[in-house]
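Here's a quick tour of a structure, going from helix packing to individual side chains. Have the sequence and the 3D view open as you read.

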Number of protein chains: 2
Amino acid sequence: MSAYDELMAFQRETSALGQIAGRLGWDQETVMPRGAAPQRAEEMAAIEAVLHARRSDPRVAEWLEQADPQDDAARAQLRDIRRTYERTVKVPADLAKAIARVTSAAQGTWAQARADEDVAAFLPVLTEVVALKREEGAALAQGGDVYDAMVEDYEPYTTGAQISEIFDQMRPRLVALRAAVLEKPAPQVLAGKFDELTQMRLSQKLATTFGYDLNTGRMDKAVHPFSSGSGLDVRITTRTSETDPFNCFYSTIHEVGHAAYEQGIDLAYALTPLGQGVSMGVHESQSRIYENQLGRSRAFTGWLYDQMIDAFGEFGISDPDAFYATVNGVHNGYIRTEADEVQYNLHIMLRFDLERALMSGDLNVNDLETAWNDRFKADFGYAIDKPSNGCLQDVHWSVGLFGYFPTYSLGNVYAGCLHQALRAAVPDLDAQLATGDTSGATGWLRENLQRHGGLYTPRETIQRACGMQAGPEPFLSYLEEKFGALYGL
Amino acid sequence: MSAYDELMAFQRETSALGQIAGRLGWDQETVMPRGAAPQRAEEMAAIEAVLHARRSDPRVAEWLEQADPQDDAARAQLRDIRRTYERTVKVPADLAKAIARVTSAAQGTWAQARADEDVAAFLPVLTEVVALKREEGAALAQGGDVYDAMVEDYEPYTTGAQISEIFDQMRPRLVALRAAVLEKPAPQVLAGKFDELTQMRLSQKLATTFGYDLNTGRMDKAVHPFSSGSGLDVRITTRTSETDPFNCFYSTIHEVGHAAYEQGIDLAYALTPLGQGVSMGVHESQSRIYENQLGRSRAFTGWLYDQMIDAFGEFGISDPDAFYATVNGVHNGYIRTEADEVQYNLHIMLRFDLERALMSGDLNVNDLETAWNDRFKADFGYAIDKPSNGCLQDVHWSVGLFGYFPTYSLGNVYAGCLHQALRAAVPDLDAQLATGDTSGATGWLRENLQRHGGLYTPRETIQRACGMQAGPEPFLSYLEEKFGALYGL
């Protein structure tokens with residue numbers, strides 16, 4: 001066997017073990033007995049230790065040195081394996097263990113602090129997490145920017161400065177759009193109760209309507225919906241609320257976007273580094289374009305309106321136009337995960353600036369709540385009323401996810417670019433969506449983006465699909481046009 | 001850290017990884033998407049390779065040499081780790097891989113051959129499996145008996161000759177009892193349909209009635225019921241048939257017997273070699289005593305009769321005595337898994353003699369069908385009508401499980417011994433069972449057997465619980481008494 005073949009055989013097993021670790025996560029959030037938690041923590045630690053040892057195995061360095069890649073795919077595999085190897089060996093094993101231990105405990109402390117509305121109870125452990133993550137960032141950055149090194153984990157080849165530049169273009173226009181929209185009368189909101197079993201049934205129809213393949217997937221309920229797995233085993237979860245069926249439907253479509261990406265990757269890459277979505281940002285572009293540009297379009301909501309009438313009977317919204325307005329209603333709120341298309345990215349920018357300042361040392365953990373509340377007031381115009389609506393609302397920092405938040409907004413930006421290109425490529429898209437036919441859109445995304453998996457870098461991936469450099473303009477124009485029309489601006 | 005502590009830390013991770021591999025098996029049989037099968041095979045192979053490497057890690061030999069155990073539990077841990085290590089290093093890696101590959105394919109061939117009633121289609125791959133297993137047995141036995149080496153995998157410290165001696169005592173009395181019972185009029189059989197959701201609900205009640213802890217377990221449906229996992233995550237499955245609720249209820253009680261054993265083990269042994277059932281035979285003793293000596297007793301079936309009336313209304317059986325006779329009906333049949341207490345072990349003895357002859361080379365695979373059919377005719381008095389009722393009925397040999405079958409009967413023998421001791425220790429057992437209270441029985445089993453896990457050898461485990469050497473006499477007397485009374489012999 002050649003060095004390349006030996007490396008790839010080794011890597012294939014590593015990928016398979018990675019899939020197993022992911023499936024344990026799925027199990028934990030869906031079916032695991034409650035009392036199994038302490039044992040599960042040890043099981044996760046054991047398989048993570050195996051994965052860590054394999055990712056930093058000295059043979060990988062030797063194989064990388066000797067490997068002679070014969071084509072672009074092989075070169076991309078090596079690029080990815082090298083990135084992972086170099087990243088893994090840079091972080092001292094003791095530091096990696098300390099981070100795992102502290103973040104595992106911090107998650108519980110955070111949940112309790114949020115329940116108790118007690119920021120002070122969370123600060124000591126967050127201080128520890130921030131210190132350890134800064135240490136990790138310094139080890140990774142080797143003199144470079146600590147925050148950039150964190151972003152690399154989720155959005156390779158992308159820097160904090162690049163993100164900052166994009167956000168600087170977005171923020172004033174989003175603040176202005178939000179203000180204009182909220183001056184107008186709010187659309188009707190959904191009232192009444194919607195049978196949860198019927199929600200799940202329609203949800204399953206939505207999933208397959210958007211191309212999710214249940215032969216290599218399955219749908220379950222979870223407290224926080226997610227998608228998990230690659231290749232031939234890609235599972236999604238959703239949730240139901242008796243009074244809010246949109247939460248169920250759009251969670252489902254969102255997770256189907258993630259899952260369809262994984263299911264759409266060329267199976268030749270399965271169980272290799274290229275056999276999964278290339279970055280969190282590109283992943284989010286798929287979930288967002290499915291959910292928003294397609295799922296919340298006037299054309300598709302017209303079809304969904306009929307489905308809901310069929311499933312639930314009359315539910316108090318008089319016609320498809322009113323339904324479209326209800327689906328896209330913009331309302332004041334505090335919570336990122338509940339935010340609409342107009343406001344969502346303002347939540348992200350707030351977090352981006354704060355976490356970057358935490359990593360640089362410009363912001364002390366003890367000043368976090370004040371900084372959060374001040375910034376929120378400035379962008380949203382009203383004060384945070386309680387910590388669970390403010391700096392305690394997200395789990396991310398407690399588990400050490402710094403550099404992750406901006407990928408949500410990059411996803412929206414990428415979705416805007418893809419949507420513009422898709423409209424040009426499929427002129428009768430609305431006519432298709434109006435009949436519940438997403439195949440023109442999802443087929444285009446699969447062909448032009450999803451099937452490549454990790455073959456190209458994230459930006460190249462978007463650029464090849466769209467035929468242009470990714471930037472925020474298409475997304476901002478889309479928002480201004482859509483909500484301008486909806487709200488008569 | 002001492003060598004012992006280092007070894008145990010290493011072992012703890014290995015046990016955690018073993019639990020993960022087991023949970024992948026659970027996932028496959030309950031929730032896995034159908035189309036995920038090929039990827040799952042690679043995932044299983046990857047984690048099995050990790051486990052194999054750890055079990056044969058040269059450091060284990062060094063630690064074993066240096067370890068200085070301080071108590072009985074530590075000595076038992078080392079005994080178990082040494083057994084596993086020595087077994088693993090004796091089998092060449094290439095042979096282990098060949099067995100994994102061939103048995104994986106053979107299982108599919110067997111399923112197709114069974115569906116087609118085509119023995120000839122199965123024989124070539126079974127010939128391969130038998131040859132590889134004999135090679136493995138020879139490597140393990142190192143000049144000793146090949147079949148004994150196979151039995152060691154499932155029932156440590158037990159030989160084919162010991163089993164043979166027990167079976168020789170059992171067979172004539174079982175043949176005689178069967179003949180006498182079948183001469184008598186058969187009891188009423190169940191008729192009508194039983195709602196499957198109601199079966200599952202009553203099944204869950206039965207599970208908790210027998211002490212199954214759903215906080216560290218869960219119940220799902222599977223084609224072939226099984227129990228899986230140790231420590232804080234022990235899951236069971238059952239099945240439903242609209243016309244046969246007993247299948248559901250007694251599958252559940254059987255699997256709860258296995259699961260209660262795992263849940264009953266001292267948590268100090270969790271994620272160590274001692275933290276699981278000590279052998280297949282002792283495991284089966286728990287599932288069998290729960291299912292039969294307790295669950296099919298006159299006292300408990302009286303309670304179950306009332307539960308069924310409550311759940312399903314009148315169902316055509318006039319009173320608890322008639323119900324007891326129906327539950328314990330002995331009828332002609334071909335299939336091991338459907339056999340009653342009287343006939344079950346005759347099925348096992350047939351397989352034991354045939355597989356022992358296959359392993360010794362006395363029986364050629366091509367003569368297997370004839371040998372099976374001749375033996376069946378001799379023991380049961382009528383001819384096999386089709387291969388799926390004969391030598392193609394069990395999956396075991398296709399997946400390389402030779403030496404496993406006798407542990408089912410050892411379980412029955414052990415259950416007989418335990419039942420005798422239990423009756424002596426809990427004189428009012430029937431009064432308890434008649435009210436659906438199993439705590440006297442299950443508490444005694446937990447205290448005297450289950451909590452020890454792998455601390456003692458299988459035979460010691462039974463001997464300590466019963467206060468006597470395990471032998472077939474109590475089981476045979478129990479059967480003759482129970483069915484003698486039921487059938488008026």
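Is the crossing of α1(B) and α2(B) left-handed or right-handed? It's left-handed. Before going further, keep in mind that this is a predicted model.

## The α1/α2 pair in chain B

The two helices in that opening question are α1, covering residues 3-30 of chain B, and α2, covering residues 37-55 of chain B. Their axes sit 10 Å apart and make an angle of about 160 degrees. Angles over 145 degrees count as roughly antiparallel, so α1(B) is roughly antiparallel to α2(B).

If you want to select the interface, take B:F10, B:E13, B:T14, B:L17, B:G18, B:I20, B:A21, B:L24, B:D27 and B:Q28 from α1(B). Their partners in α2(B) are B:R40, B:M44, B:I47, B:E48, B:V50, B:L51 and B:R54.

## B:S15, another residue of α1

B:S15 also belongs to helix α1 of chain B. Is B:S15 buried or exposed? With a relative accessible area of 15%, B:S15 is buried, because the cut-off for that label is under 20%.

What does B:S15 touch once its neighbours within four places in sequence are set aside? The contacts are B:L271, B:T272 and B:P273. As for α2(B), the C-alpha atoms of B:S15 and B:L51 are 9.0 Å apart, with their positions 36 residues apart along the chain.

## The α10/α12 pair in chain A

Now over to chain A, where α10(A) packs against helix α12 (residues 298-312). Here the axes are 13 Å apart and the angle is about 130 degrees, so α10(A) and α12(A) are oblique to each other. The contact uses A:P245, A:F246, A:F249, A:Y250 and A:I253 on the α10(A) side. From α12(A) come A:F300, A:T301, A:L304, A:M308 and A:F312.

What's the handedness of this one? α10(A) passes α12(A) in a right-handed crossing.

## The annotated binding site

Which residues does the UniProt "binding site" annotation cover? The record, an unreviewed entry, lists A:H254, A:H258 and A:E284. These residues spread over 31 residues of sequence but cluster in space, with a largest C-alpha distance of 8.7 Å.

A:H258 is in helix α10 of chain A, which runs over residues 245-264, while A:E284 is in helix α11, residues 280-294 of chain A. A:H258 counts as buried because its relative accessible area is 11%. A:E284 is buried too, at 6%.

The side chains of A:E284 and A:H258 are joined by a polar contact of 3.4 Å. Beyond its sequence neighbours up to four places away, A:H258 touches A:S227, A:H283, A:E284 and A:S287. With the same kind of neighbours left out, A:E284 is in contact with A:H254, A:H258, A:T407, A:Y408 and A:G411. That list puts A:E284 in contact with both annotated histidines, A:H254 and A:H258.

## Buried polar side chains in chain B

B:T252 is part of helix α10 (residues 245-264) of chain B. Why does B:T252 count as buried? Because its relative accessibility is 0%. The backbone oxygen of B:C248 is 2.9 Å from a polar atom of the B:T252 side chain. Leaving out neighbours within four places in sequence, B:T252 contacts B:S203, B:A207, B:M219, B:I236 and B:T238. One of these, B:S203, is 49 residues from B:T252 in sequence, yet the two are 6.4 Å apart from C-alpha to C-alpha.

B:Q199 sits in helix α9, residues 196-209 of chain B, and its relative accessibility of 0% makes it buried. Which backbone oxygen lies 3.0 Å from a polar atom of the side chain of B:Q199? It's the one of B:S241. B:S241 is also among the residues B:Q199 touches outside its sequence neighbourhood of four places, along with others including B:F194, B:T240, B:E242 and B:F312. B:C248 is on that list as well.

## One more: B:T442

B:T442 is found in helix α18 (residues 439-448) of chain B. B:T442 is buried at a relative accessible area of 13%. Apart from its neighbours within four places in sequence, B:T442 contacts B:F210, B:Y290 and B:Q450.

Terms used: Residues numbered from 1 in each chain as written. Chains lettered and ligands numbered in written order. Predicted model: local features only at pLDDT ≥ 70, side-chain atom pairs only at ≥ 80, totals over all residues. Heavy atoms only, no water. UniProt positions renumbered as here; feature names shortened; annotations may be inferred. Helix = DSSP H or I, 4+ residues; strand = E, 2+ residues; numbered from the N terminus. Buried < 20%, exposed > 50% of the residue type's maximum accessible area, 1.4 Å probe, protein only. Contact = heavy atoms within 4.5 Å. Polar contact = N/O pair within 3.5 Å; in protein donor to acceptor, adjacent residues only side chain to side chain. Axes fitted to C-alpha atoms, helices over the stretch in contact; angles between N-to-C directions. Parallel < 35°, antiparallel > 145°, perpendicular 65-115°, else oblique. Left-handed = near helix turned anticlockwise from the far one by under 90°.
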